[in-house]
Amino acid sequence: MSTQSADPLGLLLRAAAFAAEKHRLQRRLDVEASAYINHPIALANVLKNEGGISDPIVLCAALLHDTIEDTQTSYEELRAEFGPEIADVVAEVSDDKSLKKEARKQAQIEHAHLKSPRAKLVKLADKICNLRDMVERPPAEWSLGRKQEYFDWAKAVVDRLRGSHGTLERLFDEAYTRRPR
Ligand code: NDP
Ligand code: ZN
């Protein structure tokens, strides 16, 4: 099967099906333990229907953005299934799991401005969706302080991505106005 698709809708659905399969046993952190796949779908939806982004590489990378980090999926597997452009964006937005949590968080801030334009769009959508989730269906048992820390960290990352996409940056700023207090 061709990975460099002349059929973007087919490619998008393949990415959605692949991500759904990989995340099938995972749940979000909210009290209802929502299905994890809702999150990658939310990113793609924000990018297309709020950000106006139609690039299938970006939309597929959004659907797949947590597969390397959070499931048993390798870069090579993504490359074979979806081609190097999509696999490269997913790799770019994946944390280095050999680092400790604190160092990974710091690395996201320090490396944000070095990412490719496509990876920056996926990063922006990820932060928008996670801030919205943090308000609408927050992780169970997170203290107010921890949620506030999360908002501030997300803003520190996004502040290093500014100039990438005005609409997405505005959507992030709107989400940030709901910082818990
Ligand atoms: P994470 O950053 O791993 O947890 C947040 C992540 O969980 C999000 O980025 C998102 O990632 C995912 N997620 C899943 N469900 C939801 C949801 N419902 N709403 C929003 N996000 C969701 O937290 P850590 O445990 O790694 O802690 C991060 C930092 O917090 C560390 O630096 C640590 O030191 C600090 N910390 C602070 C505490 C405090 O009380 N102040 C206590 C413990 C830690 P994705 O997009 O990948 O799904
Ligand atoms: Zn994510």
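A residue counts as buried here when its relative accessible area is under 20%. Keep that cut-off in mind, because leucine 168, at 0%, falls well on the buried side of it. What you are looking at is a predicted model, and leucine 168 is a handy place to start walking through it.

Leucine 168 sits in helix 10. Which residues does leucine 168 touch, leaving aside those up to four places away in sequence? The list is Val46, Leu47, Gly51, Ile53, Leu121, Leu124 and Ile128. Don't expect leucine 29 there: leucine 168 and leucine 29 are 139 residues apart in sequence, and their C-alpha atoms are 24 Å apart in space. Proline 56 tells another story about sequence and space. Proline 56 belongs to helix 3, which covers residues 56-64. Its C-alpha is 7.8 Å from that of leucine 11, with the two positions 45 residues apart in sequence. Because its relative accessibility is 27%, proline 56 counts as partly exposed.

Now to the metal. The zinc ion (ligand 2) is held by four residues: His39 and His65, each through NE2, plus Asp66 and Asp126 through OD. Those coordination distances run from 2.1 to 2.5 Å. Read along the sequence, the donors follow the spacing H-x25-H-D-x59-D. Histidine 39 in helix 2 and aspartate 126 in helix 8 are 87 residues apart, so this pair links distant parts of the chain. How accessible are these two, buried or exposed? Histidine 39 has a relative accessible area of 3%, so it is buried. Aspartate 126 is at 11%, and therefore counts as buried too.

Histidine 39 also turns up in the lining of the second largest pocket, along with Arg28, Ser34, Asn38, Ala42, Val46, Cys129, Arg132, Asp133, Glu136 and Arg137. That pocket holds about 150 Å³ of space. Helix 2 (38-50) and helix 8 each contribute at least two of its lining residues. Sorted by class, the lining has 3 nonpolar, 3 polar and 5 charged residues. Val46 is worth a second look, since you've met Val46 already as one of the contacts of leucine 168.

The largest pocket contains about 1100 Å³ of space. It has 34 lining residues, and the ones nearest its centre are Lys101, Lys105, Trp142, Tyr150 and Trp153. Helix 4 (67-70), helix 7, helix 8 and helix 9 are the elements that give two or more residues to this lining. How do the lining residues divide by class? There are 19 charged, 10 nonpolar and 5 polar ones.

Two of those central residues, Tyr150 and Trp153, are also on the buried list of helix 9. The rest of that list is Lys147, Gln148, Phe151, Ala154, Val157 and Val158. Look at how the numbers are spaced, and a bit of helix geometry helps. An α-helix has 3.6 residues a turn, so residues three or four places apart point the same way. Covering the buried residues of helix 9 are elements including helix 7 (101-111), helix 8 (117-136) and helix 10 (166-176). The length of helix 9 checks out as well: its 16 residues, 144-159, should span 22 Å at 1.5 Å a residue, and the end C-alpha atoms are 22 Å apart, which agrees.

Helix 7 has its own buried set: Arg104, Ala107, Gln108 and Ile109. Their cover includes helix 4, helix 8 and helix 9. Helix 7 and helix 9 thus appear in each other's cover.

Finally, two loop residues deserve a glance at their backbone. Most residues other than glycine have a negative phi, and most peptide bonds are trans. Alanine 33 has a positive phi, near 50 degrees. Alanine 33 lies in the loop between helix 1 (8-22) and helix 2, and counts as partly exposed because its relative accessibility is 32%. Glutamate 141 has a positive phi as well, near 75 degrees, and is found in the loop between helix 8 and helix 9. At 81% relative accessibility, glutamate 141 counts as exposed.

Methods: Residues are numbered from 1 along each chain as its sequence is written. Chains are lettered from A and ligands numbered from 1 in the order in which they are written. This is a predicted model: local features need pLDDT of at least 70, side-chain atom pairs count only at pLDDT 80 or more; totals for chains, interfaces and linings use all residues. Side-chain values use heavy atoms; hydrogens and water are left out. Helices (H or I, at least four residues) and strands (E, at least two) are DSSP runs, numbered from the N terminus. The expected span of a helix is 1.5 Å times one less than its number of residues. Buried means under 20% relative accessible area, exposed over 50%, partly exposed in between (1.4 Å probe, protein chains only). Contact means heavy atoms within 4.5 Å. On a 1 Å grid over the protein atoms alone, a cavity is a set of points where a 1.4 Å probe fits but cannot get out, and a pocket is an open set with protein on both sides within 12 Å along at least five of seven lines; lining residues have an atom within 4 Å of a point. Grid points are joined across faces, edges and corners, and a volume is the space filled by probe spheres set on the points. Ala, Val, Leu, Ile, Met, Phe, Trp, Tyr, Cys and Pro count as nonpolar, Asp, Glu, Lys and Arg as charged, and the others, Gly among them, as polar. Donors are N, O and S atoms within 2.8 Å of the metal (3.2 Å for Na, K and Ca); water is not among the atoms, so sites may look incomplete.
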